[in-house]
Amino acid sequence: MPLDLTVLLSGGCAGTAVDVTLFPLDTVKTRLQSKQGFRASGGFSGIYSGLGPVALGSAPGAATFFLSYEFSKSKLAPLCGERYLPLVHMASACLGEVVSCGIRVPIEVIKQRAQINSSQSSISMSGRSGQLRYPCAHRGHQAACPDQQLAVQHQHLP
């Protein structure tokens with residue numbers, strides 16, 4: 001099996017296993033941090049609300065991290081000496097995280113919305129066509145990435 005495919009499958013499986021296993025704990029943490037309070041945001045009921053988007057987004061997010069990490073490491077390592085290999089690993093991990101955040105951040109927002117309000121799913125099937133309906137659909141990508149404008153503004157700081 002080629003290295004890229006191995007990295008993709010291994011990263012995807014590992015990310016999904018971790019996210020699904022720790023999901024109930026993450027739901028409790030999210031509800032404890034909610035402005036509504038733990039009980040008002042669902043308490044221990046619906047502890048798996050929002051698991052669907054996490055299960056769907058976890059594998060691609062983790063796979064892109066590991067694929068980007070391995071790719072950048074393979075390109076940077078020959079350019080540096082043995083002494084600088086820790087820096088190569090750090091830079092590769094940073095690049096992998098930046099790339100995978102493009103997938104993880106929108107999924108995380110959808111997940112947290114579903115965890116806080118367990119009576120309304122963030123993604124629901126509508127009608128016979130089975131189309132996905134997202135919350136705040138009229139706001140476009142800003143609904144899933146509310147802080148994107150702030151992040152873009154900070155990139156231009158000297």
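This is a tour of one chain, stop by stop, with what to select and what is there. The model is predicted.

**The whole chain**

Start with everything shown as a cartoon. The chain has 5 helices and 2 strands. Followed from the N terminus, the elements run α-α-α-β-β-α-α. The chain holds 158 residues, and 28% of them count as buried.

**Helix α1 and its leucines**

Select residues 3-32, which make up helix α1. Leu5 is found in this helix. Now show the side chains of Leu5, Leu8 and Leu9, which form a nonpolar patch on the surface. Together the three have about 230 Å² of accessible area. Is Leu5 buried or partly exposed? Leu5 has a relative accessible area of 39%, so it is partly exposed, since the class lies between 20% and 50%.

**Asp26 and its partners**

Stay in helix α1 and select Asp26 and Lys29. These two form a salt bridge, with the closest N and O atoms 3.5 Å apart. They are 3 residues apart in α1, and therefore separated by about one helical turn. In general, an α-helix has 3.6 residues a turn, so residues three or four places apart point the same way. Asp26 is buried, at a relative accessible area of 17%, whereas Lys29 is partly exposed, at 37%.

Add Lys111 to the selection. Asp26 forms a salt bridge with Lys111 too, and here the closest N and O atoms are 2.2 Å apart. This pair links distant parts of the chain: Asp26 belongs to helix α1 and Lys111 to helix α3, 85 residues apart. Both Asp26 and Lys111 are buried.

**Helix α3**

Move on to residues 85-116, which form helix α3. Where is the kink in α3 centred? The kink is centred on Cys101 and comes to about 45°. Colour the buried residues of this helix: Val88, Ser92, Gly96 and Ser100 are among them, and so are Pro106, Val109, Ile110, Lys111, Ala114 and Gln115.

Next select Glu97 and Arg104. They form a salt bridge, the closest N and O atoms being 3.0 Å apart. Glu97 is partly exposed, with a relative accessible area of 33%. Arg104 counts as partly exposed as well, at 30%.

To finish with charges, select Asp26, Lys29, Glu108 and Lys111 together. Salt bridges that share partners join these four residues into one network. How many salt bridges does a search of the whole structure find? The search finds 5.

**Helix α2**

Go back along the chain to helix α2, residues 51-76. Place a distance marker between the C-alpha atoms at its two ends: they are 37 Å apart. Why does this agree with expectation? At 1.5 Å a residue, the 26 residues of α2 should span 38 Å, which is why the value agrees.

Zoom in on Gly57, where α2 bends by about 35°. A proline, Pro60, follows within four residues. Then colour the buried residues of α2, including Pro53, Val54, Gly57, Ser58 and Gly61. Further buried residues of this helix are Ala62, Ala63, Phe65, Ser68, Tyr69 and Ser72.

**Aromatic pairs**

The last stop concerns rings. A pair of aromatic rings is described by the distance of the centres and the angle of the planes. The count for this structure comes to 4 aromatic pairs.

Select Phe38 and Phe44 for one of these pairs. Their rings are edge-to-face, with 5.0 Å centre to centre and 75° between the planes. Phe38 is buried, at a relative accessible area of 19%, just as the cut-off of under 20% requires. Phe44, at 63%, counts as exposed.

For another pair, select Phe65 and Tyr69. Their ring centres are 6.1 Å apart and their planes lie at 10°, so this pair is stacked. Phe65 and Tyr69 are 4 residues apart in helix α2, and therefore separated by about one helical turn. Phe65 is buried, with a relative accessible area of 15%, and Tyr69 is buried, also with 15%.

Finally, add Phe66 to this selection. Phe65, Phe66 and Tyr69 form one aromatic cluster.

Terms used:
Residues numbered from 1 in each chain as written. Predicted model: local features only at pLDDT ≥ 70, side-chain atom pairs only at ≥ 80, totals over all residues. Heavy atoms only, no water. Expected span 1.5 Å × (residues − 1). Bend = angle between axes of the 7 residues up to and from the residue. Buried < 20%, exposed > 50% of the residue type's maximum accessible area, 1.4 Å probe, protein only. Patch = residues over 30% accessible without salt bridge, like charges linked within 9 Å, V, L, I, M, F, W, Y side chains within 5 Å. Areas by Shrake-Rupley, 256 points an atom, 1.4 Å probe, with all protein chains shown as cover. Phe/Tyr/Trp six-rings, centres within 6.5 Å; stacked < 30°, edge-to-face > 60°.
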